[in-house]
Amino acid sequence: MLASIYIYNEYRGYTSLDRVLEAVRARCPDQDEFIAAVVKHREDEAKHYHMFRRWFERQGRMPLKVDRTCGHIDHFIEAVFGCPIEELDTAGIVADGDRFEKLCRVIMLTEQRGVAQVEILLRNSHVRSDPVMKRIFTIVEKDEPDHWMPYHAWLTANGRVTARWRERWADYWIHKSLMLVKLPAIFVSRNAPRLERWPHEDEAVYAKAA
Ligand SMILES: [Fe+2]
Ligand SMILES: [Fe+2]
């Protein structure tokens, strides 16, 4: 179940970063370092996705069909921008410094949340008892700090606020509700359906989830 949620979030992460990359390229065309950092971030998330995918393949099972209600980034984008990720107006964000700033903060906070979560999981006895899972999270832990830093760097270099209380609260509550309500709910629905295809082969698989 944990791996099903991770694979969803990693998948969601790298596919959303395509849009972020588009925004960064348009907004900061001459900031090669920032662009390169976002490209690396996207590659890392895609790599994480494939690590979890191989873990499922070894088990001979497909991930549970979770949906956007399990995605931290989905909730966060909704809370801050008031629309789902697919409807984010990339051009509008590029044109508006304040919205671009918001986007950077959302990614930064989401990634910082990710780092903290991985550290907790690496101490978890279930995770530690599965050597492959433990190795995956160790790699994720090593990659993660790189992820929030470029956005933080951009915010500081441009004299922007690195976090607003409202966003920190949103981040905190999303996390709490995922942990306390959503996870146990999936856990009790034992016959939760599984994916039939991998999302990188068929991007509609999660969309079809109820
Ligand atoms: Fe990741
Ligand atoms: Fe990440």
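This passage describes the packing of two helices and the surroundings of an iron ion in a predicted model.

In the predicted model, helix α2, which spans residues 32–59, packs against helix α7, which spans residues 131–143, at an angle of about 175°, and the axes of the two helices lie 11 Å apart. Since angles over 145 degrees count as roughly antiparallel, α2 is therefore roughly antiparallel to α7. On the side of α2, the contact is formed by D44, K47, H48, M51, F52, W55 and R58, while α7 contributes V132, M133, I136, F137, I139, V140 and D143. When these residues are sorted by class, the contact of α2 with α7 comprises nine nonpolar, one polar and four charged residues.

The iron ion (ligand 2) has as its protein donors E45 (OE), E111 (OE), E144 (OE), E144 (OE) and H147 (ND1), which lie 2.1 to 2.8 Å from the ion. Along the sequence, the donor residues of this iron ion follow the spacing E-x65-E-x32-E-x2-H. E45 also serves as a bridge between the iron ion (ligand 2) and the iron ion (ligand 1), and these two ions are 3.6 Å apart. Distant parts of the chain are linked by the pair of E45, in helix α2, and H147, in helix α8 (residues 145–157), the two residues being 102 residues apart.

The accessibility of both residues of this pair was also computed. With a relative accessible area of 4%, E45 is buried, because buried means under 20% relative accessible area. H147, for which the relative accessibility is 0%, likewise counts as buried.

Conventions: Residues numbered from 1 in each chain as written. Chains lettered and ligands numbered in written order. Predicted model: local features only at pLDDT ≥ 70, side-chain atom pairs only at ≥ 80, totals over all residues. Heavy atoms only, no water. Axes fitted to C-alpha atoms, helices over the stretch in contact; angles between N-to-C directions. Helix = DSSP H or I, 4+ residues; strand = E, 2+ residues; numbered from the N terminus. Parallel < 35°, antiparallel > 145°, perpendicular 65-115°, else oblique. Contact = heavy atoms within 4.5 Å. Nonpolar A, V, L, I, M, F, W, Y, C, P; charged D, E, K, R; others polar. Donors = N, O, S within 2.8 Å, 3.2 Å for Na, K, Ca; no water. Buried < 20%, exposed > 50% of the residue type's maximum accessible area, 1.4 Å probe, protein only.
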